[in-house]
Each structure stands twice: as structure tokens, then as C-alpha cells.
Amino acid sequence: MKNLGRTPYKEIKLLNGFYIEVRNKGSKDRGIKIRSADKDSMKEAAKSYSRDKDVVILGEYKDEGWV
């Protein structure tokens, strides 16, 4: 019998960097994580997305953990 459900997937491993989460305004779902190389570019990206979307600054991810 053919499996009709969604296939399972592995958890995504995050790279070192600074992360923000972007989602539609008023949405309670999880958004999309966007990585930036440094803190200044993360703040700039958050500012540009904040006009149309809800932005949550997650912070720095380094060596498989949040700093």
C-alpha cells in the first residue's frame, strides 16, 4: 500500500550567525528564520521587514546553541 502522508524530515541544523524570525502580521504560526553574518546587517534586515511583517529578533546562534 502506498504511503499517502507527508514524509518525515530531519531537523534543520542552523549555521553560526545572527537570526530573525519573520511572519505575516497577526499570524500565530512560526515564521521563517533569516540568517545574517553580523549584528548590523541583522538589524538592517529586521528594520526593512518590519514595515510589512512581524519580526522577532532571535539573537546569535553559535556552536549549536543560542548565545
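**Core, aromatic cluster and helix faces**

Biologist: Is glutamate 64 buried, partly exposed or exposed?
Modeller: In this predicted model, glutamate 64 has a relative accessible area of 72%. Because a residue counts as exposed when that value is over 50%, glutamate 64 is classed as exposed.

Biologist: Which residue in the segment after S3, other than glutamate 64, has a positive phi although it is not a glycine?
Modeller: Glutamate 64 lies in the segment after S3, and its phi is near 60 degrees, a positive value in a residue other than glycine. A further residue of the segment after S3 has a positive phi of about 50 degrees although it is not a glycine, and at 61% relative accessibility it counts as exposed. That residue is aspartate 63.

Biologist: How many residues make up the largest nonpolar core, and which are they?
Modeller: Strand S1, which spans 17–24, and helix H1, which spans 39–49, each supply at least two residues of the largest nonpolar core. The core has 6 residues, namely Phe18, Ile20, Val22, Met42, Ala45 and Ala46.

Biologist: Which residue of H1 that belongs to this core does phenylalanine 18 touch?
Modeller: Leaving aside residues up to four places away in sequence, phenylalanine 18 touches a set of residues that includes Ile34, Arg35, Ser36, Gly59 and Glu60. Among its contacts there is also a residue that is buried in H1 and belongs to the largest nonpolar core. This residue is Met42.

Biologist: Within what arc do the buried residues of H1 fall, seen down the helix axis?
Modeller: Met42, Ala45 and Ala46 are buried in H1, and what covers the buried residues includes S1, strand S2 (32–36) and S3. An α-helix has 3.6 residues a turn, so residues three or four places apart point the same way. Seen down the axis of H1, its buried residues line one face of the helix, because they fall within an arc of 100 degrees.

Biologist: Which exposed residues does H1 carry on the face turned away from its buried side?
Modeller: The buried side of H1 holds Met42, Ala45 and Ala46. Turned away from that buried side is a face whose exposed residues are Asp40, Glu44 and Lys47.

Biologist: What is the geometry of the ring pair formed by tyrosine 19 and tryptophan 66?
Modeller: The structure holds 3 aromatic pairs. For tyrosine 19 and tryptophan 66, the ring centres are 5.8 Å apart and the planes stand at 80 degrees. Because planes over 60 degrees apart meet the cut-off, the pair is edge-to-face.

Biologist: How many residues apart in sequence are the parts that this pair ties together?
Modeller: Tyrosine 19 lies in strand S1, whereas tryptophan 66 lies in the segment after strand S3 (53–61). Tyrosine 19 counts as buried at 5% relative accessibility, while tryptophan 66 is partly exposed at 42%. The pair therefore ties together parts whose separation in sequence is 47 residues.

Biologist: Which residues form one aromatic cluster?
Modeller: The rings of tyrosine 61 and tryptophan 66 have centres 5.0 Å apart and planes at 75 degrees, so this pair is edge-to-face. Tyrosine 61 counts as buried at 12% relative accessibility. One aromatic cluster is formed by Tyr19, Tyr61 and Trp66.

Biologist: How far apart are the closest N and O atoms in the salt bridge of arginine 23?
Modeller: The structure counts 1 salt bridge, which arginine 23 forms with glutamate 21. Both arginine 23 and glutamate 21 are buried. The distance separating their closest N and O atoms is 3.0 Å.

Notes:
Residues numbered from 1 in each chain as written. Predicted model: local features only at pLDDT ≥ 70, side-chain atom pairs only at ≥ 80, totals over all residues. Heavy atoms only, no water. Core = buried A, V, L, I, M, F, W, Y, C linked by side-chain atoms within 4.5 Å. Buried < 20%, exposed > 50% of the residue type's maximum accessible area, 1.4 Å probe, protein only. Helix = DSSP H or I, 4+ residues; strand = E, 2+ residues; numbered from the N terminus. Contact = heavy atoms within 4.5 Å. Salt bridge = Lys/Arg side-chain N within 4 Å of Asp/Glu carboxyl O. Phe/Tyr/Trp six-rings, centres within 6.5 Å; stacked < 30°, edge-to-face > 60°. Arc of directions from axis to C-beta.
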